[in-house]
Amino acid sequence: MSKTGIGAPVRRLEDHRFITGAGNYTDDVNIAGQAYAAFARSEHAHASVRKVDASKAMKVAGVVAVFTGADLEKDAIGPLPAGWMIHSKDGSPMNAPGHPCLVQGKARYVGDPIAVVIGETQAAARAGAEALEIDYDVHEAVTDMMKTASSPIQLHDGAPKNTCYEWELGDKAATAAAFKQAKHVTKLQIINNRLVPNAMEPRSAVGDYDSGTGVSTVYTTSQNPHVARLVMSAFLNVAPEHKLRVIAPDVGGGFGSKIYVYPEEVVCTWAAKKVGRAVKWTAERTESFITDAHGRDHVTTAELATDERGKILALRVHTTANLGAYPSLFATCVPTYLYATLLSGQYDIPAIYAEVDAVYTNTVPVDAYRGAGRPEATFVVERLVEVCARELGIDPATFRKRNFVKKFPHQTPVIMMYDAGDYAASLNKACDIIDYKGFGKRKREAARRGKLRGIGFSTYIEACGIAPSAAVGSLGAGVGLWESAEVRVNPTGNVEILTGSHSHGQGHETTFAQLVSERLGIGIDQVSIVHGDTDKVQFGMGTYGSRSGAVGMTAISKALDKVEAKAKKIASHLLEAAEADIEFKDGAFSVSGTDKKVTFPEVALNAYVAHKFPSSEIEPGLKEGAFHDPANFTFPAGCHICEIEIDPETGVSEVVNWVAVDDFGIVINPMIVEGQVHGGIAQGVGQALLERAVYDDSGQLVTASYMDYCMPRADNLPSFKVDTTVTPCPSNPLGIKGCGEAGAIAAPPAVINAITDALGHENISMPATPQAVWQAVRKGMAKAAE
Amino acid sequence: MYEFAYHRPNSVRKAASLTASGEAKLLAGGQTLLPTMKQRLAAPDALVDLAGIEVLQGIELKGRTLHIGAMTRHADVASNATVREALPALASLAGGIGDPHVRAMGTLGGSIANNDPAADYPAACLGLGATIVTNKRRIAADDFFTGMFETALEDGEIITKVLFPLPRRAAYAKFDNPASRYALVGVFVSKRGRDIRVAVTGAGPCVFRVPAMEEALGRRFSPKSLEDISVDAGDLNSDIHASAEYRAHLVGVMARRAVLAT
């Protein structure tokens, strides 16, 4: 292993600019003459907008223009579409009404943008927005996903019962038959709480229009600028694709929330052309709370059937998924193909049947959030398995091992074909590190201090690098899910990598450079990673679903193969040897069996001067591209074990011990991977103990600031013990599986399994706040007294 | 934020005269006022910044009374050697307010003038029997905190310092709101001769004392004395973070922990 190649814990090259304030985020972009946008947003969760009177607003000093949904309609700027078609079990297509970028008719959640005011300054725009007189006809709102289907309140004309789809996956009859045979059935009601993503950098957009060239440019906080350009041109009619440039510069965290196209960047781009100057908007934090797509929000009934020996026979699930007021870009696939397809977990389950009803409520749209469907599936499976083991009196680790998938490839009953893994290896290693055998002693010691100590397992599996394109297309995806790369070797031998992946915290500028360093034998300081600009990178699918390593780097690797092949040809001419005799190692081409060699930079220079090879046979230059469409998902898996101590007097749960043993396949940079695991666990612990978005009955978001929405902080977390096992991924040449979401997927059931172990009963939901735990402790005491 | 005039007087007298007219607000540490203004929920036409007035600063022990200037920052109270030695319960309370940013800016006078129902300092003032000194008079803590965000302060009245009589024993036990880290329930307990005080913040609309606990501790100053005493949940706050019942329970737990810590 070289110092900067694959497997080296190289410090992140991008961090110096981030931590010294030298990053260039969207809000840092300022264009001469720019104006500012402020959005007037619905104060009501459900209301018809009768009229927007802008006469007072237009008199506010510094107000340049006011636009409403009617202006968008006039210019045929379309609504935001749903990007994944789901069919209901009766075969009918989903009901997926578009989301107008400014309200046309009805506002359907608090925060739905009604009008935009363009001002000379931010203050003028805001003052103008406040001066708008909006005449509402307020309707009753429905925020409870369990009541919306039967509610007399209808959000959309085209969505009867406020339902997007009633979908199913798996074999209903076989599952029912297995349940009939079962000796034991474990049944749970599970709530997966609604979360607010809270990227550190709020969303922002700067739209600009060049009347000379007719090109619109938008700087925006996007995880996938090419997809944003495609949606804005093909579906929204903002500008033709070749006249629209989307730039996502440094982006400060996404967690899924910056995948989607939002009204604000569309309106800023369109309005820039209308007013003839650049238009900038940056969200305030509370604006983020009420407009960024939220995450999760499921209510599930789940059942697990076992035989007398504790062998799992079948699993059955009914889930209601809250989509919020509109179907956001990928919202419809999250509770279906990213959720139910993972319900087999790490287990060999002969029959699975899942039903998912996706419903609309007067709340912010819900879409993918770190893990996207897999945390929901993992929570269902890992809670069921843990509770089942306890009910059967089988040690939860033993129960899991008894039911693990052991032979690969393994076809589950819910689409997925697991390609490689060793689940017992991760579990055993985690048990060793945490000293599972010594837990009883630790529990007794805690009891002497008045604390209830519990231990919880989570042996999760997830699926990254959603693919292949033809398969996802057959399931309803509106796009392909490949990735592109271009390797540009400069005459002096340094290298620019153009990638369709997008880094917004992942450290691609380091890890991608490590791949190049490994392959070409040059230092990582000789490599630049270019991403996030549709004028520089031809096309790409962006970063989400932990796909950039497995898919994005594989595309780079394939382009590097081509560069290497061509460089070898050139080297053979330089060395006057047969191409078959040329070896490439440690950055130099040599003639095997001799000491004749040329370095990679020498070959690069010769490629461009083109003096020493026949350009009729070999084209000058050294630049290659590749598109990579994976053959399968990748399947990271692992075991997290959490120990918690509860103060029964106050209900406070303290996470006191955490071991994570993950199988991410081949790891490029263990330090960055460990950081991803830490961050993922923190978000998972946040979901399990602290975070929840709360709406009141009228549809106001009660938790719209950090005063009420509780983010995890360092003092909520212990020092994690992080380790790995390795089974290389067979579906890509690098053996990479992906690590970005694993922590957030694994953590919540580990926490709740530990709390319920400590409590001695299963009566707790997420988030397990002190009050909820205190109530659960009292319930436990009441039960014991019976 | 809306536009406003900004004044930075160098005397209490000038500050008082500047607040006499219009919708002017005093700016102490600004940890509540400024966020409220940024959210455009408050729109004073002028801010009178008290940071330039020297007499509002400083910490001094005079006999058995600790004098703390109204503009003294939480971080300074928390780290001050005199406070840490003479009244460690107060230093530790100040060190637990908000976060480092809030402690670097927020002030004693600003906190008690605002009288947020979940603020920490009102519990210390009431729990120690402090005297609030203004440019006009002296007000006993028992008379100062009159209701939710309400105090005995009149228009143009400016807190100059707070006098804390030194107790023999004192401690503050706080149960943090997990999100805001204000007190979900905070209980300050002190004993000074026969004067025993139990002051509760966070639980109700305004800081309050618990006479039944004070009497019980008067008989025997021990956590055990409080075991059978409960506060009435009917008078307490209920919100998404904690029901009144849970808060009532926490008052008991925190009071016992405070007594244990004295």
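## A tour of two contacts

Start in chain A: select helix α9 (residues 374–392) and helix α10 (residues 396–403), which pack at an angle of about 115 degrees with their axes 9 Å apart. Keep in mind as you look around that this is a predicted model. Turn the view until you can see how the two helices pass: α9(A) crosses α10(A) in a right-handed way.

Now show the side chains where they meet. On the α9(A) side, pick V385(A), E386(A) and A389(A); facing them from α10(A) are P396(A), F399(A) and R400(A). If you colour this contact by residue class, you'll get 4 nonpolar, no polar and 2 charged residues.

Next stop: chain B. Give residues 5–165 one colour for domain 1, and residues 169–261 another for domain 2. Going by C-alpha atoms, the centres of these two domains of chain B are 23 Å apart. Where they touch, domain 1 of chain B puts in 23 residues and domain 2 of chain B puts in 24.

Stay on the domain 1 side of that contact. Which elements of chain B give two or more residues to it? Select α5 (88–95), α8 (121–128) and β8 (145–147) of chain B, and you have them. Linger on α8(B), since the largest share of this side, 6 residues, comes from there.

Last, colour the domain 1 side of the chain B contact by class, just as you did for the helix pair. This time you should find 14 nonpolar, 7 polar and 2 charged residues.

Note on methods: Residues numbered from 1 in each chain as written. Chains lettered and ligands numbered in written order. Predicted model: local features only at pLDDT ≥ 70, side-chain atom pairs only at ≥ 80, totals over all residues. Domains from an automatic or database assignment. Contact = placed C-beta atoms within 7 Å. Helix = DSSP H or I, 4+ residues; strand = E, 2+ residues; numbered from the N terminus. Nonpolar A, V, L, I, M, F, W, Y, C, P; charged D, E, K, R; others polar. Axes fitted to C-alpha atoms, helices over the stretch in contact; angles between N-to-C directions. Left-handed = near helix turned anticlockwise from the far one by under 90°.
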